[in-house]
Amino acid sequence: MAKKTPKKTDKIAPEFLKDTLKEYGEIIKSGARVMEEKADYKVIHISPALDLGLGGGQLEGTWMTLSGPPKCGKTTTAMQIAANVQEERKIIYVDAEGRLKGLNFQIEGLDPEKFMIIGPDGPPVPAEVLLQTAYELMSHPDYHGAVLIIDSISSLIPMRELEGNMESKRPGLPKILSTFTKKMGQLLPSQRGLVIAITHFITDMSGYGGAKADGGVKIQYQADTRLEIRHPGKGKGAAITPWIEGGANGERIGQIINWKVECSSMGPPGGNILSYIRYGKGIDKTKEVIGVAQDVGLIIQAGAWFSFPYLADTEEGKKLAISIKPELKDADRDEIIGSFKLQGADKAYSFICEHPESLDILMKEVGEML
């Protein structure tokens, strides 16, 4: 007997709960119905390297935390996500730090006009007001699917602290964040948006541990995806590395950050991701896609030489190869690959940039593999 596919009109709630359902809606569903709805969630893409490391990207209807030391790329990464989805989703930005500036909007393709900024317009605003405003916006039907960025959790000021003197303790913030997190946790699955909470590393003053992510334990429990900028391990590199163009004495054009995947909404935890941030541009997707393409065999590096098998192994690639070199019209695979060999990573990067169709092909092929 064929298995019946559950319909969205299935009614499984007992009759004696009709008053509850009348007040709160269809809060009782079959497991099959829930799985059907979850399977329909869209994937929010970030960048080639981060998508690969997270198992495909970030699911809508979820919560993400970005944690790390100061000036390491957390805000840039959040802004990159906003730039990727700004045409389809509203962007809400809670400027708790009060440090949002033009430099933060220097992300390729990012439109500041599409941002709604929540922040002080004079005296400081309590955490309760900022978070309640954000929650009410995310709850409204007009903001269905919106992306909420909180920058940062660590800088939210509880009303009790704001109205008091300059005490060293921060009374009440974990409780406020716990309430907000729980309310948003129930809202997000049906709202189908995304919360990106930026947190800092703070030093454990007890003497029993090192730095840990600020914001309270409940936020870490709630997060479907937790990315932390960490040292990958002994002898494996630093958490943040300067990105130098033209050798050791060249110009610093950005930074390379090592994300550790504590958990992901789409894949297993525990991986490390190298993400490239170029100053004035945001995440450099071309640089990242070259690295990912090497990992999956679309680009081959042998010593200092780079070859491009995807130009011979995909229909789009063959068309591009012939458009660059018409004499390859009747060439076989080996001849096509042999016609495109470049020495040095900079030349491989330039080749992709000079032929935008090449980047589109690589992004498509990598996306299909994910």
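This is a working chat about the predicted model of one protein chain.

Biologist: Before we dig in, what are the ground rules for this model?

Modeller: It's a predicted model, so local features need pLDDT of at least 70 and side-chain atom pairs count only at pLDDT 80 or more, while totals for chains, interfaces and linings use all residues. Residues are numbered from 1 along each chain as its sequence is written, and side-chain values use heavy atoms, with hydrogens and water left out.

Biologist: Fine. How many helices and strands does the protein chain have?

Modeller: The chain has 14 helices and 16 strands. Both are DSSP runs numbered from the N terminus, helices being H or I with at least four residues and strands E with at least two.

Biologist: And what does the C-alpha trace span?

Modeller: About 75 × 65 × 45 Å along the principal axes. The accessible surface is about 19800 Å², and carbon and sulfur atoms hold 53% of that. Those areas come from the Shrake-Rupley method with a 1.4 Å probe; for residues, only the protein chains shown count as cover.

Biologist: How much of the chain is buried?

Modeller: Of the 370 residues, 44% are buried. Buried means under 20% relative accessible area, exposed is over 50%, and partly exposed is in between (1.4 Å probe, protein chains only).

Biologist: What share of the contacts comes from residues 24 or more positions apart?

Modeller: 65%, taken over contacts with a separation of 6 or more. A contact here means heavy atoms within 4.5 Å.

Biologist: Switching to strands. Why do you call E4 enclosed?

Modeller: Five of the five residues of E4, 91–95, are buried, so the strand is largely enclosed by the rest of the structure. In a regular strand, side chains alternate between the two faces of the sheet. In E4 both faces are covered: Ile-91, Tyr-93 and Asp-95 are buried on one side, Ile-92 and Val-94 on the other.

Biologist: Which strands does E4 pair with?

Modeller: E4 pairs in the parallel sense with E5 (residues 115–118) over four bridges, and likewise in parallel with E6 (residues 147–151) over five. Pairing means DSSP finds at least two bridges between the two strands. On the E5 side, Ile-91 has Phe-115 as its bridge partner, and on the E6 side Ile-92 stands opposite Leu-148.

Biologist: What's odd about the peptide bond from Asp-151 to Ser-152?

Modeller: That bond is cis, with omega near 0°. Ser-152 sits in the loop between E6 and H6.

Biologist: Which non-glycine residues have a positive phi?

Modeller: Lys-71, at about 55°, and Arg-192, at about 60°, are two of them. Lys-71 is in the loop between strand E3 (62–68) and H4, and Arg-192 is in the loop between H7 and strand E7 (194–203).

Biologist: Are those two buried or exposed?

Modeller: Lys-71 is exposed, at 64% relative accessibility. Arg-192 is buried, with a relative accessible area of 18%.

Biologist: What about Lys-74, where does that lie?

Modeller: In helix H4, residues 74–85. Lys-74 counts as buried at 6% relative accessibility.

Biologist: So what does Lys-74 touch?

Modeller: Leaving aside neighbours within four places in sequence, its contacts include Ser-67, Pro-69, His-200, Ile-229 and Trp-259. Glu-228 is 154 residues away from Lys-74 in sequence, and the C-alpha to C-alpha distance is 9.2 Å.

Biologist: And Gly-172, buried or exposed?

Modeller: Gly-172 counts as partly exposed, at 26% relative accessibility. The residue lies in the loop between helix H6 (159–163) and helix H7 (173–191). Not counting residues up to four places away in sequence, Gly-172 touches Pro-158 and Arg-160.

Biologist: One more sheet. What is the strand order in the open one with three strands?

Modeller: The order is E14-E15-E16, with antiparallel pairing. E14 (300–302) and E16 (341–343) are at the edges with a single partner strand each, so one side of each has no neighbour in the sheet. Neighbouring strands there are turned by 25° against each other on average, direction ignored.

Biologist: How many bridges join E14 to E15?

Modeller: Three, and the two strands run antiparallel. One pairing is Gln-301 with Phe-306 in E15.

Biologist: Which helix lies across E15 and E16?

Modeller: Helix H13, residues 345–354, running at about 130° to E16. Axes are lines fitted to C-alpha atoms, for helices over the stretch in contact, and angles run from 0 to 180 degrees between N-to-C directions.
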